[in-house]
Amino acid sequence: MPSVLTGAALANRDLLYLGVSGDGDSASIGLGQFAHAMRRNVNMVYIVENNGVYGLTKGQFSATADKGSQSKKGVVNADSPVDLVGLAMQLGASF
């Protein structure tokens with residue numbers, strides 16, 4: 001999603017862009033796209049719906065899942081979560 005917003009913003013810098021995506025796409029698979037959009041300070045509002053799981057894999061933890069959270073199958077997440085807001089702030093995005 002961030003790459004689509006970045007491309008649209010390059011085509012017309014006068015608009016404010018709105019993106020809505022999930023945590024699996026934004027913090028896992030699309031983390032590089034998210035980081036570059038923040039670094040480039042794209043004129044957008046980007047909403048991340050965070051439920052801690054990949055929706056299509058039925059239970060796999062996303063990168064934002066809380067450490068110690070447990071899946072339906074009883075697996076415990078041993079990894080610390082990625083903080084997307086903290087990452088955006090470090091990369092220089094303005095709020």
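Helices and strands in this tour are DSSP runs, a helix having at least four residues and a strand at least two, numbered from the N terminus. On that basis the chain of this predicted model comes to four helices and two strands, and from the N terminus on these elements follow the order α-β-α-α-β-α.

**The whole chain**

Begin with the C-alpha trace of the chain, which spans about 50 × 25 × 15 Å along its principal axes. Of the 95 residues, 32% count as buried. If you look at the contacts in the chain with a separation of 6 or more, residues 24 or more positions apart account for 53% of them.

**Helix α1**

Now select residues 2–11, which form helix α1, and colour Pro2, Leu5, Thr6 and Ala9, the buried residues of this helix. Seen down the axis of α1, these buried residues fall within an arc of 100 degrees, so they line one face of the helix. Turn to the face directed away from that buried side, and you will find the exposed residues Val4 and Ala11. Among what covers the buried residues of α1 are β1 (17–22), α3 and β2.

**Where α1 meets α3**

Keep α1 in view and add residues 31–39, helix α3; the two helices pack at an angle of about 35 degrees, and their axes are 8 Å apart. To see the contact itself, show Pro2, Ser3 and Thr6 on α1 together with Gln33, Phe34 and Ala37 on α3. The residues of this contact divide into three nonpolar, three polar and no charged.

**Helix α3**

Stay with α3 and select Phe34, Ala35, Ala37 and Met38, which are buried. Viewed down the axis of α3, its buried residues fall within an arc of 165 degrees, so they line one face of the helix. The cover over them includes α1, α2 (23–29), β2 (44–49) and α4 (84–90). Just after α3, pause at asparagine 41, which takes a positive phi of about 55 degrees.

**The aromatic pair**

How many aromatic pairs does the count come to? The count comes to one aromatic pair, and to find it you should display the side chains of phenylalanine 34 and tyrosine 46, whose ring centres are 5.9 Å apart with planes at 45 degrees, so the pair is tilted. Phenylalanine 34 lies in helix α3 and tyrosine 46 in strand β2, so the pair ties together parts that are 12 residues apart in sequence. Both phenylalanine 34 and tyrosine 46 are buried.

**The two strands**

Next, show β1 and β2, which pair in the parallel sense over six bridges; one place to look is leucine 18, whose bridge partner in β2 is valine 45. In a regular strand the side chains alternate between the two faces of the sheet. Strand β1 has a covered face, made of Tyr17, Gly19 and Ser21, and an uncovered one, made of Leu18, Val20 and Gly22.

**Glycine 22**

Finish at glycine 22, a residue of strand β1. Is glycine 22 buried, partly exposed or exposed? Its relative accessible area is 26%, and because residues under 20% count as buried and those over 50% as exposed, glycine 22 is partly exposed. Leaving aside its neighbours within four places in sequence, glycine 22 is in contact with Val48 and Glu49. As a last step, select the C-alpha atoms of glycine 22 and asparagine 51, which are 29 residues apart along the chain and are separated by 7.9 Å.

Conventions
Residues numbered from 1 in each chain as written. Predicted model: local features only at pLDDT ≥ 70, side-chain atom pairs only at ≥ 80, totals over all residues. Heavy atoms only, no water. Axes fitted to C-alpha atoms, helices over the stretch in contact; angles between N-to-C directions. Contact = heavy atoms within 4.5 Å. Nonpolar A, V, L, I, M, F, W, Y, C, P; charged D, E, K, R; others polar. Buried < 20%, exposed > 50% of the residue type's maximum accessible area, 1.4 Å probe, protein only. Arc of directions from axis to C-beta. Phe/Tyr/Trp six-rings, centres within 6.5 Å; stacked < 30°, edge-to-face > 60°. Pairing = 2+ DSSP bridges.
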